Amino acid sequence: MFRNNYDGDTVTFSPTGRLFQVEYALEAIKQGSVTVGLRSNKYAVLAALKRNADELSSYQKKIIKCDEHLGLSLAGLAPDARVLSNYLRQQCHYSQLVFNRKLSVEKAGHLLSDKAQQNTQSYGGRPYGVGLLLIGYDNSGAHLLEFQPSGNTLEVYGSAIGARSQGAKTYLEKVMDNFVDLEDPEELIKTCVEALRQSLKDETLTTENLSIAIVGVDKPFTQFDNEKVTPYL
């Protein structure tokens, strides 16, 4: 494996101003199976490709619900995603308990960013090796956020992360003008699944390896797995 003098920890900058451990974490995301997210003005949707290690194992869970209005999908190390999703759940409960209101999606992104960057400010930790797509609906509408281990959290209309995700991104760029103003959640889901299909090489989407989630103006965070995804195939 390639090594240099500046990749042993997360707090030492190289002479060119890079943190190599963070860049390695970004590479870990590219090894994970692809997940796609997009949003219109009223709804946000996730579609993810689930993997199984071999024929005898179950499929890895790719979409995690955090609250009635908030959820995420992951690409990269699933245990790291579980730590971050548990942290978001705690913050959602805290907001409801102390302030009697749902945690805003923008605030959730800021909290994740702060937690991720803590690992680049103290010796002995490592960056989270996972990328997340967060969808949620709050008083300001539907949101889609892309989280990176560097601490960057960006709000986007459409995004894809994971292995061979560029095909999905290219497709979303072509059809962006069509889905941003979509009022029909079913059409939005179909667009998201089609974007996911564009990034596949040797695999085909089935009821076993496809996972879908949606949240919106009149719809709490709802997840579709197994037979429930059949209409979208």
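E187 and K190 reach toward each other through their side chains and meet in a salt bridge, with N and O 3.9 Å apart. That just makes the cut, because a salt bridge here needs the nitrogen within 4 Å of the carboxyl oxygen. Keep in mind that this is a predicted model. In total, the structure holds eight salt bridges, and three of the topics below look at some of these pairs, followed by a helix pair and a surface patch.

**The pair in helix α5**
- E187 and K190 both belong to helix α5, which covers residues 185-198.
- They sit three residues apart, so about one helical turn separates them.
- How accessible is E187? It has 36% relative accessibility and counts as partly exposed.
- K190 is partly exposed too, with a relative accessible area of 42%.

**A pair that links distant parts of the sequence**
- K50 and D225 also meet in a salt bridge through their side chains, at 3.3 Å from N to O.
- K50 lies in the loop between β2 (43-49) and β3 (63-67), while D225 lies in the segment after β10 (219-224), so this pair ties together parts that are 175 residues apart in sequence.
- Is K50 buried or exposed? With a relative accessible area of 9%, K50 is buried, because anything under 20% counts as buried.
- Its partner D225 is partly exposed, at a relative accessible area of 23%.

**The E68 and K65 pair**
- E68 forms a salt bridge with K65, and their closest N and O atoms are 3.0 Å apart.
- E68 has a relative accessible area of 40%, making it partly exposed.
- K65 counts as partly exposed as well, at 33% relative accessibility.

**How α4 and α5 pack**
- Back to α5, this time with a neighbour: two packed helices are described by the angle between their axes and the distance between the axes.
- Helix α4 covers residues 166-179, and its axis comes within 8 Å of the α5 axis.
- At what angle do the axes of α4 and α5 cross? They cross at roughly 155 degrees.
- Angles over 145 degrees count as roughly antiparallel, and α4 and α5 are therefore roughly antiparallel to each other.
- The crossing of α4 past α5 is right-handed.

**A nonpolar patch on the surface**
- Which residues make the nonpolar surface patch? Y94, L97, V98 and F99 make it, and the patch is about 450 Å².
- One of these, V98, lies in helix α2, which covers residues 78-99.
- V98 is partly exposed, with a relative accessible area of 44%.

Terms used: Residues numbered from 1 in each chain as written. Predicted model: local features only at pLDDT ≥ 70, side-chain atom pairs only at ≥ 80, totals over all residues. Heavy atoms only, no water. Helix = DSSP H or I, 4+ residues; strand = E, 2+ residues; numbered from the N terminus. Buried < 20%, exposed > 50% of the residue type's maximum accessible area, 1.4 Å probe, protein only. Patch = residues over 30% accessible without salt bridge, like charges linked within 9 Å, V, L, I, M, F, W, Y side chains within 5 Å. Areas by Shrake-Rupley, 256 points an atom, 1.4 Å probe, with all protein chains shown as cover. Axes fitted to C-alpha atoms, helices over the stretch in contact; angles between N-to-C directions. Parallel < 35°, antiparallel > 145°, perpendicular 65-115°, else oblique. Left-handed = near helix turned anticlockwise from the far one by under 90°.
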